[in-house]
Amino acid sequence: ETHPDQPVLDRFGNYDDVDTVGDINRRYDAAVKYVDNSIGRIVDYLQQQGEADNTAIIITSDHGESLTENGVLFSHRELFDQTWHTPLVISAPMFSGTENRFVQHFDIVPTVLDMLESHTNNDHFDGQSLVPKNGSRDIDRNAVFVEQIHNARQQAIRTNNYKYIRNLNENRSGKQSDKRRPAEQLYDIQTDPGESCNIVKQNPQKKSELLRRLEIWLESLPEPGESDSTLESAHRDRQLMQQFEALGYKFDE
């Protein structure tokens, strides 16, 4: 178990006021509060100018962060909910209340176009507009799928009740995958929201069901097209790389 007073990793040693896990968590909370206050200033200004009712505000994030949960120290690797259950707040005409069904980042573009009444054919998008029609929102997504290829290549399916994760053999650079995680993980989200008890061995039927759904979804994806484009690695700015490394990012040479 990671204790709040446990010494932090060496990569945080360049902060004079950071000595423990609790220190990092407090800095994280402070950063969230700073962003919240900054958004509040924007909202206050719009209200003062009389433009609040004519402005759509959308707030989201690219990923969450593990602050020692599930044994992951200050990183957004792995496929636990704290990494990819991100906020989406929309303040705009017709939007009110909360939504407890699955929505994803790729729903944002068709939503914005729908707000602007662009008459764009939403069939061109993987996502769907979240603008309510006749007072209700039609969302029939009963599962979401995700993959990460950082320290390990993992694929997952998440339903309302269960999450299944499988480890593949390589990470993003083609090297051997991180083997500290089991080859397969299954969690009962309703009884174990912290994803602390892997029940894949106790529930082979549910595992097989979710694995099949994951494979069917993967098979439904279009094959990548061929390209004549070539990419060249840009010269890396060493100072910029050091700033990234100070944040905990590591890049393969």
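Let's begin with the rings: this structure holds 2 aromatic pairs. One of them joins Phe 145 and Trp 217, and the two rings are stacked, with 4.5 Å from centre to centre and 5° between the planes. Those two values are worth having together, since a pair of aromatic rings is described by the distance of the centres and the angle of the planes. Please keep in mind that you are looking at a predicted model.

The pair ties together distant parts of the chain: Phe 145 sits in strand 5 (residues 144–149) and Trp 217 in helix 4 (residues 204–220), 72 residues apart. Are the two partners buried or exposed? Phe 145 counts as buried because its relative accessible area, 18%, falls under the 20% limit. Trp 217 has a relative accessibility of 31% and is partly exposed.

Strand 5 also leads us to a pocket. It provides 5 residues to the lining of the second largest pocket, the largest share. Helix 2 (81–84) and strand 4 (88–91) join strand 5 as the elements that give two or more residues to this lining. The space inside comes to about 1100 Å³. Altogether 37 residues line the pocket, and if you want to find its centre, look for Trp 84, His 85, Thr 86, Val 103 and Gln 104, which lie nearest to it.

Now step back along the chain to the loop between helix 3 (108–115) and strand 5, where you will find Arg 137. Why does this arginine count as buried? Its relative accessibility is 18%, and buried means under 20%. What surrounds Arg 137? Setting aside residues up to four places away in sequence, Arg 137 touches Phe 95, Glu 99, Arg 101, Leu 130 and Pro 132. With Leu 130 there is a polar approach as well: a polar atom of the Arg 137 side chain lies 2.5 Å from the backbone oxygen of Leu 130.

Helix 1 is a good next stop. It runs over residues 21–48, and its 28 residues reach 41 Å from the first C-alpha to the last, close to the 40 Å expected at 1.5 Å a residue. Which of its residues are buried? They are Val 21, Gly 22, Asp 23, Ile 24 and Leu 46. Strand 1 (57–60) and strand 3 (73–75) are among the parts that cover them. Just after the helix comes Gly 50, with a positive phi of about 75°.

Asp 23 deserves a look of its own. This helix 1 residue has a relative accessible area of 16% and is buried. Its side chain makes a polar contact of 2.7 Å with the side chain of Arg 26. Leaving out residues up to four places away in sequence, Asp 23 touches Asp 17 and Val 18.

Finally, let's visit two residues with a positive phi that are not glycines. Met 94 has a phi of about 80° and belongs to the loop between strand 4 and helix 3. Glu 195, with a phi of about 50°, lies in the loop between strand 8 (184–188) and helix 4. How do their surroundings compare? Met 94 is exposed, at a relative accessible area of 57%, whereas Glu 195 is buried, at 2%.

Notes: Residues numbered from 1 in each chain as written. Predicted model: local features only at pLDDT ≥ 70, side-chain atom pairs only at ≥ 80, totals over all residues. Heavy atoms only, no water. Helix = DSSP H or I, 4+ residues; strand = E, 2+ residues; numbered from the N terminus. Buried < 20%, exposed > 50% of the residue type's maximum accessible area, 1.4 Å probe, protein only. Contact = heavy atoms within 4.5 Å. Polar contact = N/O pair within 3.5 Å; in protein donor to acceptor, adjacent residues only side chain to side chain. Expected span 1.5 Å × (residues − 1). Phe/Tyr/Trp six-rings, centres within 6.5 Å; stacked < 30°, edge-to-face > 60°. 1 Å grid on protein atoms, 1.4 Å probe; cavity = no way out; pocket = protein on both sides within 12 Å on 5 of 7 lines; lining within 4 Å. Points joined across faces, edges and corners; volume = space filled by probe spheres on them.
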